[in-house]
Structure formats: structure tokens, C-alpha cells
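I'm jotting down what I looked up in this one, in the order I went through it. The sequence and model come just below.

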Amino acid sequence: MKTRLPSEKAGARVPPGQVLTDKFPVLTYGPTPRFDPRTWDFRVTGLVEEPLRLTYEEFRSLPKGVMVADFHCVTTWSRLDNQWEGVRISDLMRLVRVKPEARFVIVGCDGGYTANLPLHEFLDQDTMLAYRHDGRDLEPDHGFPLRLVVPKLYGWKSAKWVRALDFAAEDQRGFWEVRGYHNHADPWKEERYSFQEDEET
Ligand SMILES: Nc1nc2c(c(=O)[nH]1)N[C@H]1C(S)=C(S)[C@@H](COP(=O)(O)O)O[C@H]1N2
Ligand SMILES: [Mo]
């Protein structure tokens, strides 16, 4: 068996066209929204048996999970081994019964940003609504009080300042997906731009 060099090991974790960084760049379109714990809430709507609304306090009392995951932004930076703390989607979904017709999730954020995901990828074991990063509360610019983390898709799917999950039968392209970026966004397949969707068969 061939011995792997350390560089090859790192390469196995860095998708094509990406460059590693130890910094944690801020990538936001528009201003960082203001957070008020008295008015903040988290809603689950659409194709669910019962819509859900949680206050900030209620959300923070949900079971806490920790995961370590890599992050890949389409602007070509990747940051490995981020430690995220928050509520795993698999734990959150114990409170939600999704109707069988649901096939997509539209994530809604303070400030109007949205991101769409196929339901099965949203429900995978590696997705989380995070409020801490690398042992500290998220910086406001990085999404405090709550952001989605979807490590296996480009960073724009990891919506910051999340307020709502809307379960839907039909897909609905999100903020960047209507502005020329790929609807699916798998960094390992370099699904960067929407024109690539036409080349797929
Ligand atoms: N609400 C909101 N979420 C967002 C964005 C944004 O502009 N608004 N930018 C996305 C993009 S393009 C990336 S790469 C990541 C960057 O997260 P960071 O700023 O914490 O590094 O957030 C994503 N989530
Ligand atoms: Mo990004």
C-alpha cells in the first residue's frame, strides 16, 4: 500500500480550486443585523404538522451539540476544523413532524437573506444551528445569535442570523441562487455558478 504524504492528506480535505486559511473571513452581503433577545424568535413553518415558534431562551435551552467541520466559501477560501456548538438539526427535528410532501427547506434570515436546501441534505447528521464557534460565542458578523452550518455545501448555504425554516414541496432559489450561483453548491463537484446547471444532464 502506498504511504500518503501529509500534503496529500490535506489535499483530500480541500476541494478543487480552494485555498486554506487560518483566518475566519467575514462574507456578508449587506449590514450585520441587530439582535434583540426580547423580540428574537425562531420559527418553523410550511409543510409541518404543527408550526413551531421558540423564543431566544427556549431555543438556548434545547439540547446542545458539538461538531468539528470544514468550511468552504465559493470565493475560494477554506477553513478546516471549525468547532461549532449549537443545536444539531437531528435534535431540533425531534420537535418537528415534517409532512411527506416536503422536499426542500428554505432558510430565512434577519435582513432578508435566504438559502434553499434539499430536505435530505438538511436532515443529514452533519448539519447544525450554531451559536458558538471555536469555543466562543459567534461574533455578530459571523451570525450571532444563530447560524446554519452545512459543511458539505459552499458557505453561502450556511445562512447567518437564521430566524425561520420553511419546509416546502417546491424548491425556491435563495439569495445567491437567484444571483448566478449554483442551486446545489457541492464544493467537491465545484458547483459554483448557475450556468453549470445547464451543462448537467
Ligand atoms: N444572512 C446571511 N448569511 C450568509 C451570508 C450573508 O450575506 N447573509 N453570506 C454567506 C456566505 S457567501 C458565506 S461564505 C458564509 C460566510 O460566513 P462567515 O462570514 O461567518 O465567514 O456565510 C453565508 N451566510
Ligand atoms: Mo461565500
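Which polar backbone atom is 2.8 Å from an oxygen atom of ligand 1? I found that this backbone atom belongs to Leu27. A reminder to myself before going on: this is a predicted model.

**Ligand 1**

I stayed with ligand 1 and listed its surroundings, which come to 19 residues. Pro25, Tyr29, His142, Arg147 and Lys160 come nearest among them. Then I checked two side chains for polar atoms. His142 has one that lies 2.5 Å from an oxygen atom of the ligand. For Lys160 I also noted a polar side-chain atom 2.5 Å from an oxygen atom of ligand 1.

**Gln18**

Next I went to Gln18, which sits in the loop that runs between helix H1 (6–11) and strand S1 (19–20). Is Gln18 buried or exposed? I have it at a relative accessible area of 10%, and the cut-off for buried is under 20%, so Gln18 counts as buried.

I then asked what it touches, leaving out residues up to four places away in sequence. The list for Gln18 is His72, Cys73, Thr76, Trp77, Ser78, Tyr154 and Arg192. With Arg192 there is also a polar contact between the side chains, at 3.1 Å. I looked up Asp141 as well: its C-alpha atom is 23 Å from that of Gln18, with the two positions 123 residues apart along the chain.

**Strand S5**

Trp77 and Ser78 from that contact list took me to strand S5, which covers residues 77–88. Why do I call S5 largely enclosed by the rest of the structure? Because nine of its 12 residues are buried.

I went through its partners one by one. S1 pairs with S5 in the parallel sense, over two bridges, and Val19 has Trp77 as its bridge partner there. Strand S4 (residues 65–72) pairs with S5 in the antiparallel sense over seven bridges; Met67 is matched with Trp84. S4 and S5 make a hairpin with four residues between the strands, where Thr76 takes a positive phi near 95°. S8 also runs antiparallel to S5, joined to it by five bridges, and Glu85 has Arg132 in S8 as its bridge partner.

**The core**

From there I turned to the largest nonpolar core, which has 50 residues. Phe42, Phe59, Trp84, Leu92 and Phe167 are the members that touch the most others. Which strand gives this core its largest share? I got strand S8 (residues 128–133), with four residues.

I picked Leu92 for a closer look. Leaving out residues up to four places away in sequence, Leu92 touches Phe42, Phe59, Leu62, Val87, Leu129 and Leu165. That fits the general picture: nonpolar side chains tend to be buried together in soluble globular proteins.

**The open sheet**

Last, I traced an open sheet of five strands, in the order S3-S2-S11-S6-S7, with mixed pairing. Strand S3 (52–55) and strand S7 (114–118) are at its edges with a single partner strand each, so one side of each is left without a neighbour in the sheet. I get an average twist of 15° from one strand to the next. For S3, I checked the pairing with strand S2 (residues 41–46), which is antiparallel over four bridges. Phe42, one of the core residues noted above, stands opposite Leu54 in S3.

Technical notes
Residues are numbered from 1 along each chain as its sequence is written. Chains are lettered from A and ligands numbered from 1 in the order in which they are written. This is a predicted model: local features need pLDDT of at least 70, side-chain atom pairs count only at pLDDT 80 or more; totals for chains, interfaces and linings use all residues. Side-chain values use heavy atoms; hydrogens and water are left out. Buried means under 20% relative accessible area, exposed over 50%, partly exposed in between (1.4 Å probe, protein chains only). Contact means heavy atoms within 4.5 Å. A polar contact is a pair of N or O atoms within 3.5 Å; within protein, one must be able to donate a hydrogen and the other to accept it, and residues adjacent in sequence count only if both atoms are side-chain atoms. A nonpolar core is a set of buried Ala, Val, Leu, Ile, Met, Phe, Trp, Tyr and Cys residues joined through side-chain atoms within 4.5 Å. Two strands pair if DSSP finds at least two bridges between them. Axes are lines fitted to C-alpha atoms, for helices over the stretch in contact, and angles run from 0 to 180 degrees between N-to-C directions. A residue is near a molecule or strand if one of its heavy atoms lies within 4 Å of it.
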